[in-house]
Amino acid sequence: MINTLQLVQANLTDPDQFEDFWMLLNEYACDIMGGGAPLTPEKKEQLRLKLPQIKDSYILIAYADGEPVGLANCFTSFSTFNAAPLLNIHDFVVKKNFRNMGIAVSMLKQIEQYSKEKGYCKLTLEVLEGNTRALELYKAFGFRSYELDPAMGKALFLDKKLY
């Protein structure tokens, strides 16, 4: 049972908030849904230096009774068809022993409110098709597969590793 849930827009130049961010991100990376391997100390240092410099990033940390339990790393992009910025939820995690307590929904509501205040036209995210619990959550919150014309099918997320 959670007595207090606090959602904080992280200031990653604050050493304590950065450590909370790092712990949650690394826990996510170690999960099969995050790749199943810990991040390196070199990545930690790169994130410490580079992430605070990313313009229009929105990093949200959820604290349950003072303990960091959830993380959302969001970055601004731009929709040319809407001629407006959008927010991509790039990483989203709630610690295993704090799931199904409404934390993820509270975080999504906060992200949506922030996005509306900033004038963003939409939220985007990606999810593994085997992550059925997350997929159900996102659909219940209103996320849908992207398509312009059903005859052409749904959009696919692709990537190409450069290093």
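## Strand β2, its partners and some exposed loop residues

F81 sits in the loop that links β3 (67-79) to β4 (84-94), and this residue is a good place to start a tour of the structure. Please keep in mind that the model is predicted. From the F81 loop we move to residues with positive phi, and then to strand β2, which is largely enclosed by the rest of the structure because eight of its eight residues are buried.

**The loop between β3 and β4**

- With a relative accessibility of 70%, F81 counts as exposed, because the cut-off for that class is over 50%.
- F81 also belongs to a nonpolar surface patch, where its partners are Y146 and L148.
- Together, the three residues of this patch offer about 420 Å² of accessible area.
- A83 is found in the loop between β3 and β4 as well, and its relative accessible area of 60% makes A83 exposed.

**Backbone angles worth a look**

- Most residues other than glycine have a negative phi.
- A83 is not a glycine, yet its phi is positive, at about 50°.
- N100, another residue other than glycine, has a positive phi near 65°.
- The place of N100 is the loop between β4 and α3 (103-118), and at 71% relative accessibility N100 counts as exposed.
- D65 takes a positive phi near 50° in the hairpin of β2 and β3, a hairpin with two residues between the strands.

**Strand β2 and its surroundings**

- How many of the eight residues of strand β2 (residues 57-64) are buried? The count is eight of eight, so the strand is largely enclosed by the rest of the structure.
- On one side of β2, the residues S57, I59, I61 and Y63 point the one way, and they are buried.
- Y58, L60, A62 and A64 point the other way from β2, and these residues are buried too.

**Pairing of β2 with β1 and β3**

- Strand β1 (residues 5-9) pairs with β2 in the antiparallel sense, and five bridges connect the two.
- Within this pairing, A62 in β2 stands opposite L7.
- β2 and β3 also run antiparallel, joined by eight bridges.
- Which residue in β3 is the bridge partner of S57? That partner is F75.
- Two residues named here bring both themes together: A62 and S57 are buried and point opposite ways from β2, while A62 faces L7 and S57 has its bridge partner in β3.

Technical notes
Residues are numbered from 1 along each chain as its sequence is written. This is a predicted model: local features need pLDDT of at least 70, side-chain atom pairs count only at pLDDT 80 or more; totals for chains, interfaces and linings use all residues. Side-chain values use heavy atoms; hydrogens and water are left out. Patches are made of residues with over 30% relative accessible area and no salt bridge: like charges are joined within 9 Å, nonpolar side chains (Val, Leu, Ile, Met, Phe, Trp, Tyr) within 5 Å. Accessible areas come from the Shrake-Rupley method with a 1.4 Å probe; for residues, only the protein chains shown count as cover. A salt bridge is a side-chain nitrogen of Lys or Arg within 4 Å of a carboxyl oxygen of Asp or Glu. Helices (H or I, at least four residues) and strands (E, at least two) are DSSP runs, numbered from the N terminus. Buried means under 20% relative accessible area, exposed over 50%, partly exposed in between (1.4 Å probe, protein chains only). Two strands pair if DSSP finds at least two bridges between them.
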